[in-house]
Amino acid sequence: MNRSRLAPGAGIVTAPGDRPVLRTSEGEFLRIDTGHVGPGELVDRLTEGEGQASSSELDRLIAAFEEAGHAVTEPRRPPLTGRTVHLLGDPVLTEPLARFAAAEGAEVQSASADDVAGLAGRRDTAVVWCLDSPVPEGVWDEADRLPARHTAWLRCHREGAHTWTEPLASAPGDVTAAHVRLRRLAATAAHRELAAYWAGHRTPDTGPHPTEPAAALIAALLTADLIAWASGEPHRGPGLPANRRLRRIDLRDLTVTEHPVLPVPQVAPLPAPTARTAP
C-alpha cells in the first residue's frame, strides 16, 4: 500500500513550544489539532521518516489531510503527461518552450505550416506557433480553425519591443487570432495605422529581439497556459483565465501586463441592395 506524503508545496512547521502548523501550498498557515497523536508521529507518516507508528486516530488524521488535498498517496504526474505539443516558429522562442513543455511531461514535436490542417480534430494535442516578428497577413488563418475541432491553439508574436501571448483556444467559441486583431483594432484610434503595420507597410524591423531571460519568461508563460489547458480548466484561474487572457511582455524591462479579450460574435451579412425602378 502506498504511504501518504505531504502534497507538493505543503509543509509542517513547528514553532518552539507550540503546536505544529500546516503551511499549505497556497501559503496559508493552519493549526493542526493532533489530539493524542504525537507531532513526531504525524511528521514521520507524512514525510520520508522511518516511523511506522499507526493508530486509528493517526489514520483519521492522515485521511483528513488527504481529503483536504494536503497529502497524496500517488507520486505527482507531470501536468502535461499524455499531451502532444506541436511547435512552429522561431527557434529563439520555440527552443526554450520545447524544454519547458517536455519537463512538464509533454511529447514535443516540430511542425510546419503545411502540417497544421492535418492536426485538426486531434484531442490532447496543442499547436503552438511563436513568431519573433509581427504576424504576416493570413498566416494564422488555418490554425484559427483548430479550436472548432477541439485541438488546442496557442500563439505569440513580437511587435517592436513588445511580445504578445494570445489566449489559448481549445474549444468552439474560444478567442482566435482573428478575434484578437479585431479587438485590438477596435480599441485604438490608430486603427488604420495598426492595420497598415500588420499588412507590412513599415520600415525594416529594428528589434529588440528576445534575450535569453526574455525568451525563458515567454516560454514559461506559454507553458503555464498549456498546463491550464491540460488540467481541463483553461477558463479558470486566480487572474484572467487562459482562454480570455492577452498578455503583453515588454522586452526592455520584462514587465507583463494582462488584458481581457472576448471572442467576436459572428454578424449576419448586410442584405444586398435592391434595385430601385423609376416611378
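This report describes the cavity, the nonpolar cores, one strand and two chosen residues of a predicted model.

**The cavity**

Rolling a probe the size of a water molecule over the atoms shows where empty space is left. In this predicted model, one cavity of 30 Å³ or more is found, and the volume of the largest cavity is about 40 Å³. Its lining is made up of Val135, His157, Glu159, Glu166, Val180, Arg181, Arg184 and Trp198. When these lining residues are sorted by character, three are nonpolar, one is polar and four are charged. Two elements, β9 (152-159) and α5 (177-186), each supply at least two residues of the lining, and α5 gives the most, with three residues.

**The nonpolar cores**

The largest nonpolar core holds 25 residues, and those that touch the most other members are Leu97, Val128, Cys130, Ile218, Leu222, Leu226 and Trp229. The elements that give two or more residues to this core are β6 (84-89), α3 (91-103), β8 (125-130), β9 and α7 (212-230), and among the contributors α7 gives the most, with nine residues. To see how one member of the core is surrounded, consider Leu226: when neighbours within four places in sequence are left aside, Leu226 is in contact with Leu80, Val85, Ala126, Val128, Leu154 and Leu168. Apart from this core lies another one, of 14 residues, which includes Val116, Val127, Leu146 and Ala177.

**Strand β10 and its partners**

Strand β10 covers residues 162-165, and its side chains alternate, with His162 and Trp164 pointing one way and Thr163 and Thr165 pointing the other way, while all of them are buried. On one side, β10 is joined to β9 by four bridges, and the two strands run antiparallel. The strands β9 and β10 form a hairpin with two residues between them, and Gly160 in the turn has a positive phi of about 65°. Strand β10 is also joined by four bridges to β11 (residues 245-250), again in an antiparallel arrangement. Thr165 therefore can be followed into both partner strands, for Cys156 stands opposite Thr165, and in β11 the bridge partner of Thr165 is Arg247.

**Two residues side by side**

Thr163 lies in strand β10, whereas Val264 lies in the segment after β12 (256-260). The table sets out how much of each residue is accessible.

| Residue | Relative accessible area | Class |
|---|---|---|
| Thr163 | 0% | buried |
| Val264 | 26% | partly exposed |

Thr163 counts as buried because its relative accessible area is 0%, and a residue is called buried when this value is under 20%. Leaving aside its neighbours within four places in sequence, Thr163 is in contact with Cys156, His157, Arg158, Ile218, Arg247, Arg248, Ile249 and Leu251. Val264, with a relative accessible area of 26%, is partly exposed, and, not counting residues up to four places away in sequence, Val264 touches His179, Leu182 and Arg183. The chain also brings Val264 to a position where its C-alpha atom is separated by 7.8 Å from that of Val175, although the two residues are 89 residues apart along the chain.

Definitions and conventions
Residues are numbered from 1 along each chain as its sequence is written. This is a predicted model: local features need pLDDT of at least 70, side-chain atom pairs count only at pLDDT 80 or more; totals for chains, interfaces and linings use all residues. Side-chain values use heavy atoms; hydrogens and water are left out. On a 1 Å grid over the protein atoms alone, a cavity is a set of points where a 1.4 Å probe fits but cannot get out, and a pocket is an open set with protein on both sides within 12 Å along at least five of seven lines; lining residues have an atom within 4 Å of a point. Grid points are joined across faces, edges and corners, and a volume is the space filled by probe spheres set on the points. Ala, Val, Leu, Ile, Met, Phe, Trp, Tyr, Cys and Pro count as nonpolar, Asp, Glu, Lys and Arg as charged, and the others, Gly among them, as polar. A nonpolar core is a set of buried Ala, Val, Leu, Ile, Met, Phe, Trp, Tyr and Cys residues joined through side-chain atoms within 4.5 Å. Buried means under 20% relative accessible area, exposed over 50%, partly exposed in between (1.4 Å probe, protein chains only). Contact means heavy atoms within 4.5 Å. Two strands pair if DSSP finds at least two bridges between them.
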